[in-house]
Amino acid sequence: MFETGGYGQGGKITREGIRLHAREDFSAMHRAGRVAAQILDDIEQHVFPGQTTGELDRLITEMVAAHGATSATIGYRGYQHASCISVNHVVCHGIPGSPIPPSKHEKAGRGNDVLVDGDILNIDVTVIVDGWFGDTSRMYGVGAIKPFAERLVKVTHDALMRGIDAVRPGNTFGDIGYAIQSYVEAQRMSVVRDFCGHGLGRVFHAPPNVLHYGRPGREAVLEEGMFFTIEPMVNLGRSETRVLADDWTAITRDRTLSAQFEHSVGVSADGVEIFTMSPAGRFYPFGV
Ligand code: MF3
Ligand code: CO
Ligand code: CO
């Protein structure tokens with residue numbers, strides 16, 4: 001590692017380009033992460049059959065403002081919404097208000113953004129608080145969820161938590177990916193390879209790419225002060241994805257169901273701090 005200098009941020013950057021943040025930066029990240037997590041808590045009561053993804057995003061936009069925060073996604077590479085809402089076989093980057101694309105068993109889509117009984121959806125919110133980014137997503141169910149869908153959601157949540165359990169100084173990013181991949185594949189599900197987690201802090205997307213698959217001991221070594229997201233996407237079918245003509249919406253190629261959970265975390269002296277813990281303890285908003 002070497003002193004950066006010139007960026008007015010002090011601190012160090014590893015030779016892989018990963019910033020090592022100072023101890024006081026952890027509290028700033030906890031503040032940003034808590035706002036994003038609070039919004040995901042508060043939106044839960046608005047998820048019900050007949051609700052639209054457009055209305056959910058409108059509510060989220062209001063909530064971001066009510067916290068005195070800024071949306072990191074509005075204006076990001078032309079994206080115009082405060083959230084990504086990815087329903088059923090949408091893997092990530094679903095656009096709120098857009099018609100939900102047809103699933104495996106439908107010829108035409110439902111032609112609108114109305115949630116129906118049995119849907120599962122991911123809501124992903126990134127906010128900026130005092131210049132720091134908080135990025136988190138979780139799954140929600142609409143009405144009564146089918147057992148195979150609930151199992152996918154549970155496996156995806158548990159895969160993220162196993163990845164987080166591998167975060168400590170001296171471990172590597174490959175250890176994180178391996179923890180996630182080996183667990184998911186043992187459940188006969190697949191890990192998406194086309195999208196990854198990312199470093200963050202006073203920027204939205206920074207090095208490294210945090211892969212959700214890998215080999216023990218590979219990739220960069222984790223060091224105290226690294227901030228990044230872990231956000232595995234897991235499919236019931238094959239891992240391949242396709243991006244729709246809107247240039248954002250990613251779906252599973254085989255149009256099987258997909259799920260995702262995301263936390264922003266920091267490497268502490270002896271382990272990990274999760275910045276996006278749910279204040280209500282509703283990160284996994286399903287029965288046990
Ligand atoms: N929050 C997403 C992530 O986890 C990024 C969304 S970018 C957007 O990295 F433009 F699609 F909103
Ligand atoms: Co992210
Ligand atoms: Co996100």
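Here are two short exercises, with worked solutions, on the ligand pocket and a metal site of this structure.

This is a predicted model, where local features need pLDDT of at least 70, side-chain atom pairs count only at pLDDT 80 or more, and totals for chains, interfaces and linings use all residues. Residues are numbered from 1 along each chain as its sequence is written, chains are lettered from A and ligands numbered from 1 in the order in which they are written, and side-chain values use heavy atoms, with hydrogens and water left out.

**Exercise 1.** Find which residues come nearest to ligand 1, and which polar side-chain atom lies 2.9 Å from one of its oxygen atoms.

*Solution.*
- Step 1: Look at the 14 residues around ligand 1 (a heavy atom within 4 Å); T73, H198, H205, E231 and E262 come nearest.
- Step 2: Check the polar contacts (pairs of N or O atoms within 3.5 Å). The atom at 2.9 Å from a ligand oxygen belongs to H205.
- Step 3: Add two more side chains: D135 has an N or O atom 3.1 Å from an oxygen of ligand 1, and T126 has one 3.1 Å from a nitrogen of ligand 1.

**Exercise 2.** Work out which residues coordinate the cobalt ion (ligand 3), and what links this ion to ligand 2.

*Solution.*
- Step 1: List the donors (N, O and S atoms within 2.8 Å of the metal, or 3.2 Å for Na, K and Ca; water is not among the atoms, so sites may look incomplete). They come from D124, D135 and E262, at 2.1 to 2.4 Å.
- Step 2: Read their spacing along the chain: D-x10-D-x126-E.
- Step 3: Turn to the cobalt ion (ligand 2): the two ions are 3.3 Å apart, and D135 coordinates both.

Methods: Polar contact = N/O pair within 3.5 Å; in protein donor to acceptor, adjacent residues only side chain to side chain.
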